Amino acid sequence: MSTTGVVSRAYEFREQSARRVMVADGAMGTMLYAKGVFINRCFDELNLSSPQIVREIHQEYVKAGADILESNTFGANRPRLAAFGIAEKLKEINQAGVRLAREAARDGVFVAGAMGPLGVRIEPLGPTSFAEARGHFREQAEALVEAGVDLMILETFSDLHEMREAIAAVREVAGPDVVIVAQVTIDDYGNMPDGSSTETFTEVLNNSGADVIGLNCSVGPKVTLETIERMQELTRKPTSAMPNAGLPAKVEGRNIYLCSPEYMAQYTRRFLWAGVKVIGGCCGTTPEHIKLIRAE
């Protein structure tokens, strides 16, 4: 997509999100697992080896009413792909992920480039420098932007330093116009795993280059709502919420998420009352969850 195309889609997204709530899709990994993909596979690589499965999941979310499809590229950065011995396929995997989401999208559905953490520890707690981390994020962002994403979603970040580098990398690649949704993950008390409090990470995200800031993964809708409400006292930026379907319970060796679509839909009303602008789901959520979220 040309720079003009990116700018126009960014304008369209901002215009729409200013006047209505945008519904994002739900879990990709949960759905792939349900379709028989082994948990030890590289889910991002399926964009190449099993594109029909990935495309079918995107189509199910579109049918459920999603306004935003996330590309199946959450872990498609160099360190994570290197762990599977396929780092040389980084560009191919990311661009196939965008193409599959685009093929499933109907008119008006936005395709977001999904980027997650690197899966390595960065300074000061690990050997990966800030510059190296930014370089890895820049490499993935270049592939996604070149493939024609409409916006970027940075999600499930547990290290505030890493999130800062990811946002900076995307801005360096895509410029000031592309929409960035930046989401961290929290514990039961509203703190990030790196110890950053709600107040601390909200201040950092508020002063970052992100357009929308919020939460995803880790906890169910209750703690997500409570923390989002605290965040909104500290920022004027639009907020997003994509919680897990509760915490997983071990049932016959499998992690089962116990929040029903109906339960998630009840919390959707409360997210709406709180003023959240982008609502979707993370681990354990399915097209049925998104369908009922849409109905609210």
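**Notebook: helices, cores and cysteines**

I began with helix α11 (residues 261-274), where Y263 and Y267 both lie, 4 residues apart, about one turn of the helix. I am working from a predicted model, and I keep that in mind for every entry below. As a reminder to myself, an α-helix has 3.6 residues a turn, so residues three or four places apart point the same way.

**Aromatic pairs**

I looked up how many aromatic pairs the structure holds, and the count is 3. One of them joins F137 and F157, a tilted pair with 5.8 Å from centre to centre and 45 degrees between the planes. I placed F137 in helix α7 (residues 130-147) and F157 in strand β4 (residues 151-157), so this pair ties together parts that are 20 residues apart in sequence. Both F137 and F157 are buried. Y263 and Y267 form an aromatic pair that is also tilted, at 5.3 Å centre to centre and with 50 degrees between the planes. I then checked the exposure of these two tyrosines: Y263 is partly exposed, with a relative accessible area of 31%, whereas Y267 counts as buried at 8% relative accessibility.

**Helix α4**

I next compared the expected and modelled lengths of helix α4 (residues 51-64): at 1.5 Å a residue its 14 residues should span 20 Å, and its end C-alpha atoms are 20 Å apart, which agrees. Which residues of α4 are buried? I listed V54, I57, H58, Y61, V62 and A64. Seen down the helix axis, the buried residues of α4 fall within an arc of 165 degrees, so they line one face of the helix. Among the elements that cover these buried residues I noted α2 (29-34), α3 (46-49), β2 (68-70), α6 (90-104) and α12 (287-295). After α4 comes G65, whose phi is positive, near 110 degrees.

**L69 in strand β2**

I followed the cover of α4 into strand β2, where L69 lies; at 0% relative accessibility, L69 counts as buried. Leaving aside neighbours within four places in sequence, I found L69 in contact with residues including H58, Y61 and V62, which are among the buried residues of α4. The contacts of L69 also include D25, A101, A104, F110 and A112. I took one distance across the sequence as well: L69 and V98 are 29 residues apart in sequence, and their C-alpha atoms are 9.5 Å apart in space.

**Nonpolar cores**

In the largest nonpolar core, which has 63 residues, I asked which members touch the most others, and these are L154 and F201. Helix α8 (residues 160-174) gives the most to this core, with 6 residues. Not counting residues up to four places away in sequence, L154 touches M115, M163, A166, I167, V170, I180, V181, A182 and Q183. A second, separate core of 14 residues includes F13, A112, L151 and V181, so I note V181 as a member of that second core that L154 touches.

**Cysteines**

How many disulfides does the count come to? I recorded 0, with a pair requiring sulfur atoms within 2.5 Å. For C217, the closest cysteine sulfur is that of C283 at 3.9 Å, which is too far for a bond. For C42, the closest cysteine sulfur is also in C283, but at 16 Å, again too far for a bond. I checked burial for both: C217 counts as buried at 14% relative accessibility, and C42 counts as buried at 7%.

How values were computed
Residues are numbered from 1 along each chain as its sequence is written. This is a predicted model: local features need pLDDT of at least 70, side-chain atom pairs count only at pLDDT 80 or more; totals for chains, interfaces and linings use all residues. Side-chain values use heavy atoms; hydrogens and water are left out. Helices (H or I, at least four residues) and strands (E, at least two) are DSSP runs, numbered from the N terminus. The expected span of a helix is 1.5 Å times one less than its number of residues. Buried means under 20% relative accessible area, exposed over 50%, partly exposed in between (1.4 Å probe, protein chains only). The arc is that of the directions from the helix axis to the C-beta atoms. Contact means heavy atoms within 4.5 Å. Rings of Phe, Tyr and Trp (its six-membered ring) pair if their centres lie within 6.5 Å; planes under 30 degrees apart count as stacked, over 60 as edge-to-face and the rest as tilted. A nonpolar core is a set of buried Ala, Val, Leu, Ile, Met, Phe, Trp, Tyr and Cys residues joined through side-chain atoms within 4.5 Å.
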